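Trainee: Could you take a close look at one part of this model with me, the pocket, and then walk outward to whatever surrounds it?

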Amino acid sequence: MEYVEYFAETPFGLKLRENFDLVGFDPRGVGHSTQVHGVDDPVPYTAIVAPETVSEYVQLTTTVQDYAAQCTEKSGSLLEHVSTMDVVRDMELIRRTLGEGKLNDIGLSYGTKIGAPYADEYPEEVRAMVLDGVPPLRSQSWG
């Protein structure tokens, strides 16, 4: 939400506003929505890299399982409703609720991970989309 407020006043945002309304939303589990709560100290989880040995793979798996267990303990059933595809469906509901014929989307950072599967799921509803990264292919799962 704060990013849209900031972006709206940038030179690019001001130019876009000449022809478009800017609409932002908090994806499920973040910002002003009901937030997912994870670990108390995220630092040990920030240095995770791709494993190169079986031992590193086992350590990574254990670390990820520990992280997931702590999130489940703190957020419970909310986790069942905060997937990327849940957010993609929310975007479609927002588009329809606003009465927009087609979606124009600028997806930055996590917005790319939301925008790409939106285009995959609702290709006929996309007019224009700008994404600043390349997420994994659908066959690799959107989460």
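**A close look at the pocket**

Mentor: Sure, let's start with the space itself: the largest pocket has a volume of about 1100 Å³. Its lining takes in 35 residues, and those closest to the pocket centre are Val23, Gly24, Asn104, Asp105 and Ile106. Keep in mind that we're looking at a predicted model.

Now for who builds the walls. Helix 1 (2-8), helix 2 (11-16), helix 4 (84-97) and helix 5 (110-121) each give two or more residues to the lining of the largest pocket, and so do strand 1 (103-107) and strand 2 (126-131). The largest share comes from strand 1, with 5 residues. As for chemistry, the lining of the largest pocket splits into 23 nonpolar, 5 polar and 7 charged residues.

To place those elements, step back to the whole chain. The protein chain has 5 helices and 2 strands, and read from the N terminus they go α-α-α-α-β-α-β. The C-alpha atoms fill a box of roughly 55 × 30 × 30 Å along the principal axes. Of the 143 residues in the chain, 25% are buried.

Ile106, which we just met among the residues closest to the pocket centre, also turns up on the surface. Together with Tyr3, Tyr6, Phe12, Leu108 and Val130, Ile106 makes a nonpolar surface patch of about 600 Å². Within that group, Phe12 sits in helix 2.

Next, the charges. Side chains of opposite charge can pair when their charged atoms come close. Searching the whole structure turns up 8 salt bridges, and three of them are worth a look here.

Take Glu9 and Arg17 to begin with: they form a salt bridge whose closest N and O atoms are 2.9 Å apart. How covered are the two partners? Glu9 is exposed, because its relative accessible area is 53% and the cut-off for exposed is over 50%. Arg17, at 39% relative accessibility, counts as partly exposed.

The second pair brings us to helix 4, one of the elements in the pocket lining. Asp90 forms a salt bridge with Arg28, and here the closest N and O atoms are 2.6 Å apart. Asp90 lies in helix 4 while Arg28 belongs to the loop between helix 2 and helix 3 (54-75), so this pair ties together parts that are 62 residues apart in sequence. Asp90 is buried, with a relative accessible area of 18%, whereas Arg28 counts as partly exposed at 32%. The 18% of Asp90 falls on the buried side because buried means under 20%.

The third pair stays inside helix 4. Arg95 and Glu92 meet through their side chains in a salt bridge of 2.7 Å, N to O. They're 3 residues apart in that helix, about one turn. Both ends are covered: Arg95 counts as buried at 8% relative accessibility, and Glu92 counts as buried at 3%. This pair also belongs to something wider, since Glu92, Arg95, Arg96 and Glu125 are linked in a network of salt bridges.

So, back to your pocket: helix 4 gives residues to its lining, and that helix also carries Asp90, the partner of Arg28 in the loop, as well as the Arg95 and Glu92 pair.

Conventions
Residues numbered from 1 in each chain as written. Predicted model: local features only at pLDDT ≥ 70, side-chain atom pairs only at ≥ 80, totals over all residues. Heavy atoms only, no water. 1 Å grid on protein atoms, 1.4 Å probe; cavity = no way out; pocket = protein on both sides within 12 Å on 5 of 7 lines; lining within 4 Å. Points joined across faces, edges and corners; volume = space filled by probe spheres on them. Helix = DSSP H or I, 4+ residues; strand = E, 2+ residues; numbered from the N terminus. Nonpolar A, V, L, I, M, F, W, Y, C, P; charged D, E, K, R; others polar. Patch = residues over 30% accessible without salt bridge, like charges linked within 9 Å, V, L, I, M, F, W, Y side chains within 5 Å. Areas by Shrake-Rupley, 256 points an atom, 1.4 Å probe, with all protein chains shown as cover. Salt bridge = Lys/Arg side-chain N within 4 Å of Asp/Glu carboxyl O. Buried < 20%, exposed > 50% of the residue type's maximum accessible area, 1.4 Å probe, protein only.
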